[in-house]
Amino acid sequence: MKELKFNKEMQRAIDEGRKTQTRRVVMLEGVTKGEFYSITSPKESLIELEENEIIEKGTIHYLSTGGLSGGYECPYGKIGDINNGVKITGIRVERLQDISSQEAVSEGITWNQGEVWTMRLKQGLTDAYRSKFFDLWQSIYKDHPKKDWNLNPWVWVITFESVK
């Protein structure tokens with residue numbers, strides 16, 4: 001299992017109970033185009049694609065022109081695992097830019113009344129929380145071209161609770 005690492009600011013947000021979610025870019029060897037499907041319930045299945053085959057909870061499946069691939073497990077653990085002081089309570093996959101304002105708050109983003117923020121229309125960001133999450137993401141991944149916000153990569157969305 002890969003360690004969930006957090007910078008000092010984000011670790012402080014976890015310790016204060018403000019951060020209960022993190023996003024990590026999905027990196028799968030040989031996968032370049034297609035769609036991901038996140039399986040979050042043991043009974044949930046890709047009925048049209050798998051003909052009622054039950055797929056293991058916590059896995060994702062990749063749909064390409066050749067059909068459905070095998071399941072990929074989150075490299076940061078499974079629901080119930082403890083990783084670097086947090087207990088994983090949920091795992092799903094989505095596009096980075098699909099983050100909502102409420103999810104940005106769950107990522108530890110705060111905004112104080114009267115605080116100045118810049119609307120980023122080029123990035124489709126019209127609210128303070130998503131805009132500040134964009135700033136945070138870019139500050140962390142500025143030297144990682146495959147993780148750039150504008151590429152809108154697939155990300156693991158991992159929800160957790162602190163166990164410290």
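This briefing describes the fold, the aromatic contacts, a pocket and several individual residues of one protein structure.

The model is predicted. The protein contains four helices and seven strands, which follow one another along the sequence in the pattern α-β-β-α-β-β-β-β-α-α-β. Of its 164 residues, 40% are buried. Among contacts between residues at least 6 apart in sequence, 62% join residues at least 24 apart.

**Aromatic pairs and the cluster**

- The structure holds five aromatic pairs. One of the pairs is formed by F6 and F160, with a distance of 5.8 Å centre to centre and an angle of 50° between the planes, and this pair is tilted.
- F6 lies in the segment before α1 (8–15) and F160 in strand β7 (residues 154–162), so their pair ties together parts that are 154 residues apart in sequence.
- Both F6 and F160 are buried.
- One aromatic cluster is formed by F133, F134, W137, Y141 and W149.

**R24 and the second largest pocket**

- R24 lies over the face of F6, at 5.2 Å from the ring centre.
- R24 also lies over the face of Y76, in this case at 5.8 Å from the ring centre.
- R24 and Y76 appear again at the second largest pocket: of the 14 residues that line this pocket, the closest to its centre are K2, R24, V25, Y76 and K147.
- The space in the second largest pocket comes to about 240 Å³.
- The lining of the second largest pocket comprises eight nonpolar and six charged residues, and no polar residues.

**Strand β7 and V155**

- V155 is located in strand β7, the strand that also holds F160.
- V155 is buried, because its relative accessible area is 0% and residues under 20% count as buried.
- Leaving aside residues up to four places away in sequence, V155 touches R23, R24, V25, V26, R92, V93, E94, R95, L96 and W137. Among these contacts, R24 lies over the face of F6, and W137 belongs to the aromatic cluster.
- V155 and Q97 are 58 residues apart in sequence, and their C-alpha atoms are 9.6 Å apart in space.

**Strand β5 and I82**

- I82 lies in strand β5.
- With a relative accessible area of 51%, I82 is exposed; the cut-off for this class is over 50%.
- Apart from residues up to four places away in sequence, I82 touches M1, K87 and V163.
- The C-alpha atom of I82 is separated by 9.1 Å from that of F160, although the two residues are 78 residues apart along the chain.

**Helix residues Q11 and S106**

- Q11 belongs to helix α1 and is buried, with a relative accessible area of 17%.
- Not counting neighbours within four places in sequence, Q11 is in contact with F6 and K164. F6, one of these two contacts, is itself buried.
- S106 is part of helix α3 (residues 101–106). S106 is buried, with a relative accessible area of 18%.
- Beyond residues up to four places away in sequence, S106 touches R18, K19, T20 and Q21.

**Loop residues with positive phi**

- Most residues other than glycine have a negative phi. Two asparagines with a positive phi are described here, N84 and N152.
- N84 has a phi near 55° and is placed in the loop between β5 (82–83) and β6 (86–95).
- N84 is partly exposed, with a relative accessible area of 33%.
- N152 has a phi of about 50° and is found in the loop between α4 (128–141) and β7.
- N152 is buried, with a relative accessible area of 18%.

Note on methods
Residues numbered from 1 in each chain as written. Predicted model: local features only at pLDDT ≥ 70, side-chain atom pairs only at ≥ 80, totals over all residues. Heavy atoms only, no water. Phe/Tyr/Trp six-rings, centres within 6.5 Å; stacked < 30°, edge-to-face > 60°. Helix = DSSP H or I, 4+ residues; strand = E, 2+ residues; numbered from the N terminus. Buried < 20%, exposed > 50% of the residue type's maximum accessible area, 1.4 Å probe, protein only. Lys NZ or Arg CZ within 6 Å of the ring centre and 35° of its normal. Contact = heavy atoms within 4.5 Å. 1 Å grid on protein atoms, 1.4 Å probe; cavity = no way out; pocket = protein on both sides within 12 Å on 5 of 7 lines; lining within 4 Å. Points joined across faces, edges and corners; volume = space filled by probe spheres on them. Nonpolar A, V, L, I, M, F, W, Y, C, P; charged D, E, K, R; others polar.
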